[in-house]
Amino acid sequence: MHGEYKVPGGKLVVVDLDVVDGRIANFRLAGDFFLEPDEALGDIDRAVNGLPAQTDAAALAAAIRAALPADATLLGFTPDSVATAIRRSLSNATDWRDYDWQIIHDKAVAPRVHLALDEVLTAEVGEGRRGPTLRIWEWNESAVVIGSFQSVKNEVDLENAEKYGFDVVRRISGGGAMMMAKNSIVTYSLYVPAEMVQGMTFAESYAYLDDWVLVALHSLGIDASYAPLNDITSPGGKIGGAAQKRLGSGAVLHHVTMSYDMDGELMTKVLRIGREKMSDKGTTSAAKRVDPLRSQSGLERSEIIDRMKATFVSLTGAVEGHITDDEYAAAEALVESKFATEQWLHRVP
């Protein structure tokens, strides 16, 4: 069995192993990481060999950690990342290059249609009618998008939202409210088979699925990094946030919104920023919590998106694709039955 795991912001971890009588055998660790002393590589191999094949990632990492000499130095990887690679090998997990990817960057649609398309396209991937896909959203309307489990009245000032032209909609993934001003954000969705994140914790899957965009941002001179659980950040502040939803059809929706430009004062008027989130800094500090891409790069939004697409193509071999008429029709029907209803918007009091 063979497994690979690219540590977000780190190195590639590669494992090969057999399972004999229910136990791991012939385990070999490799990769482009750094490890001192050299003998520690054999210590890791010996720690894993003989363990039950059902050993979970936490126990695998603990066994590796216990076997390492006190003076061992690991750079670009950790015992946990080795454990993730092992679990991925045992579960026959797939990787980016195992698929024929499409990139969709189609016309702007209403916020509710965007949210419905996320559900439709994820289901299409899970049911095998569409291959894994990256979709870049275009916006010509402003909206506040709240998480699946948030309360509208606790998160949004509805009077001000209407006053300043923000529709209020609810997505199917968890996480926090996002103020999506038209032409001021960069949003993308990934629709992937569940096999791509097999053997990973939820936290690892978030970082893994966004590692490509960090490569793109770095190429623009933006010192971006991933902050658990779901933030893309930089020394200057938060850039954006991710959310996920795993459907029963066997696919994962992973979507991200990054701020291109923002009006921090307007954000404090439209969003009810809770005391816990703002700590003791006061709501006027909300503008400092986000560091938009425009201020960091000096580039137009379209230029940033073009670099993102080019980076994704270089890493995955993706080709241009489009939303089909049937997918648009399914999304419009889902808007009518779900996303435009008061029952869905106010599903949490």
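Reader: Before we start, what does "buried" mean?
Author: Buried means under 20% relative accessible area, exposed means over 50%, and partly exposed is in between. Keep in mind that this is a predicted model.

Reader: OK, let's try that on α7. Is α7 mostly covered or mostly exposed?
Author: Mostly covered: of the 18 residues in α7, 13 are buried.

Reader: Where does α7 sit, and how far does it reach?
Author: Helix α7 covers residues 202-219. From the first C-alpha to the last it reaches 27 Å, close to the 26 Å expected at 1.5 Å a residue.

Reader: And where does α7 bend?
Author: The bend is at Asp-211, and it comes to about 45°. Just after the helix, Gly-221 has a positive phi of about 85°.

Reader: Why do residues three or four places apart in an α-helix point the same way?
Author: An α-helix has 3.6 residues a turn, so residues three or four places apart end up pointing the same way.

Reader: Cool. What about α4, how many of its residues are buried?
Author: In α4, 14 of the 16 residues are buried, which makes this helix mostly covered. Its span is 23 Å from first C-alpha to last, close to the expected 22 Å. Gly-128 follows α4, and its phi is positive, near 80°.

Reader: New topic, holes! How many cavities of 30 Å³ or more turn up?
Author: The count is 1 cavity. The largest cavity holds about 50 Å³ of space.

Reader: Which elements supply at least two residues each to its lining?
Author: For the largest cavity, those are α4, which we just met, and β7 (133-136). The residues lining this cavity include His-114, Leu-117, Arg-135, Ile-136, Trp-137 and Tyr-328. By class, the lining has 7 nonpolar, 1 polar and 4 charged residues.

Reader: And the largest pocket, what's its volume?
Author: The volume of the largest pocket is about 830 Å³. It is lined by 43 residues, and Ala-177, Met-178, Met-179, Lys-238 and Leu-271 lie nearest its centre.

Reader: Which element gives the largest share of that lining?
Author: That's β14, with 6 residues. Among the other elements that supply at least two residues each are β11 (185-193), β15 (251-259) and α8 (264-270).

Reader: How does the pocket lining divide up by class?
Author: The lining of the largest pocket has 20 nonpolar, 13 polar and 10 charged residues.

Reader: Switching again: how many aromatic pairs does the structure hold?
Author: It holds 10. One of them is Phe-339 with Trp-344, an edge-to-face pair with 5.7 Å centre to centre and 75° between the planes.

Reader: Why edge-to-face?
Author: The angle between the planes is 75°, and planes over 60 degrees apart count as edge-to-face. Both Phe-339 and Trp-344 are buried, too.

Reader: Which rings get linked into a cluster?
Author: Ring pairs link Tyr-5, Trp-96, Trp-101, Tyr-188, Tyr-208, Trp-212 and Phe-312 into a cluster.

Reader: Last one, Ser-302. Where is it found?
Author: Ser-302 is in helix α11, which covers residues 301-316.

Reader: Why is Ser-302 called partly exposed?
Author: Because its relative accessible area is 44%, and that falls between the 20% and 50% cut-offs. Also, Ser-302 and Lys-182 are 120 residues apart along the chain, and their C-alpha atoms are separated by 13 Å.

Terms used: Residues numbered from 1 in each chain as written. Predicted model: local features only at pLDDT ≥ 70, side-chain atom pairs only at ≥ 80, totals over all residues. Heavy atoms only, no water. Helix = DSSP H or I, 4+ residues; strand = E, 2+ residues; numbered from the N terminus. Expected span 1.5 Å × (residues − 1). Bend = angle between axes of the 7 residues up to and from the residue. Buried < 20%, exposed > 50% of the residue type's maximum accessible area, 1.4 Å probe, protein only. 1 Å grid on protein atoms, 1.4 Å probe; cavity = no way out; pocket = protein on both sides within 12 Å on 5 of 7 lines; lining within 4 Å. Points joined across faces, edges and corners; volume = space filled by probe spheres on them. Nonpolar A, V, L, I, M, F, W, Y, C, P; charged D, E, K, R; others polar. Phe/Tyr/Trp six-rings, centres within 6.5 Å; stacked < 30°, edge-to-face > 60°.
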